Amino acid sequence: MTTGQNTFSTDIATIRKRAREHLEQGALTPNYGGDVETAIRVLNEALATEIVCVLRYRFHAVTATGIASEAVKAEFEEHAQEEEAHMLWIAERINQLGGKPNFNPEGLTSRSASQYVEGKNLVDMIKEDLVAERIAIETYREMIRYFAENDPTTRMLLEKILAQEEEHANDMHDLLVAHEGKPMLDH
């Protein structure tokens, strides 16, 4: 390949040689730009957060009561399924980086950014889920900034998850407005 000011150039022979080295590292290649140990730690914290969210949403889906609870229960269940998908995507990324996804229930709540709060009634449940989504949104944004260009695969994964978390927060906000009967924000 030729080099020039606007030309992409790479030493394919060197890349081929490096690809044969350290096969035990799987997808992790020498040009990974981030700190692998930190990436795995941060992702395991995100994994714990997603596990807690799955458990909280499933609890709410099962125990919500009231005249309007069936539609809300369905929303809780849908969110639980999406949070479970996030959990699995993150676990797979940890594995790709050569780490071990931490599914151990011991210490789960201390690793999680989100809390497991059940709520006393339907409105409390919705509020707790909205709080958890707002926590997730803020922490995912911080993680995206951390990974930036050092780990574009993880950054893109987290951006995908963030988009769904923002949708979840919007859904919870809409439910809260509907069930409290007043808008939460004046625009």
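**Close-up views of a predicted model**

**View 1. Ala-148, a partly exposed loop residue.** With a relative accessibility of 29%, Ala-148 counts as partly exposed, because that label covers anything between under 20% (buried) and over 50% (exposed). Keep in mind that this is a predicted model. To find Ala-148, look in the loop between helix 5 and helix 6. Check its backbone too: phi of Ala-148 is near 30°, a positive value in a residue that isn't glycine.

**View 2. Glu-165, a buried charge with no salt bridge.** Here we're in helix 6, which covers residues 152–180 and holds Glu-165. Which side chain of opposite charge is nearest to Glu-165? That's Arg-56, and it sits 7.4 Å away. Glu-165 has no salt bridge because one would need a side-chain nitrogen of Lys or Arg within 4 Å of a carboxyl oxygen. So what does Glu-165 touch, leaving aside neighbours within four places in sequence? Its contacts are Glu-50, Glu-83, His-86, Glu-133, Ala-136, Ile-137 and Tyr-140.

**View 3. The largest cavity and its lining.** Rolling a probe the size of a water molecule over the atoms shows where empty space is left. Searching the whole structure turns up 1 cavity of 30 Å³ or more, and the largest cavity holds about 30 Å³ of space. Its lining is made up of Arg-56, Ser-114, Gln-115, Val-117, Glu-128, Val-131 and Ala-132. Sorted by class, that's 3 nonpolar, 2 polar and 2 charged residues. Which helix gives the most to this lining? Helix 5 (residues 122–147) does, with 3 residues. You've already met one of the lining residues, Arg-56, in the view of Glu-165.

Methods
Residues are numbered from 1 along each chain as its sequence is written. This is a predicted model: local features need pLDDT of at least 70, side-chain atom pairs count only at pLDDT 80 or more; totals for chains, interfaces and linings use all residues. Side-chain values use heavy atoms; hydrogens and water are left out. On a 1 Å grid over the protein atoms alone, a cavity is a set of points where a 1.4 Å probe fits but cannot get out, and a pocket is an open set with protein on both sides within 12 Å along at least five of seven lines; lining residues have an atom within 4 Å of a point. Grid points are joined across faces, edges and corners, and a volume is the space filled by probe spheres set on the points. Helices (H or I, at least four residues) and strands (E, at least two) are DSSP runs, numbered from the N terminus. Ala, Val, Leu, Ile, Met, Phe, Trp, Tyr, Cys and Pro count as nonpolar, Asp, Glu, Lys and Arg as charged, and the others, Gly among them, as polar. Buried means under 20% relative accessible area, exposed over 50%, partly exposed in between (1.4 Å probe, protein chains only). Lys and Arg count as positive and Asp and Glu as negative; His and the chain ends are not counted. Contact means heavy atoms within 4.5 Å.
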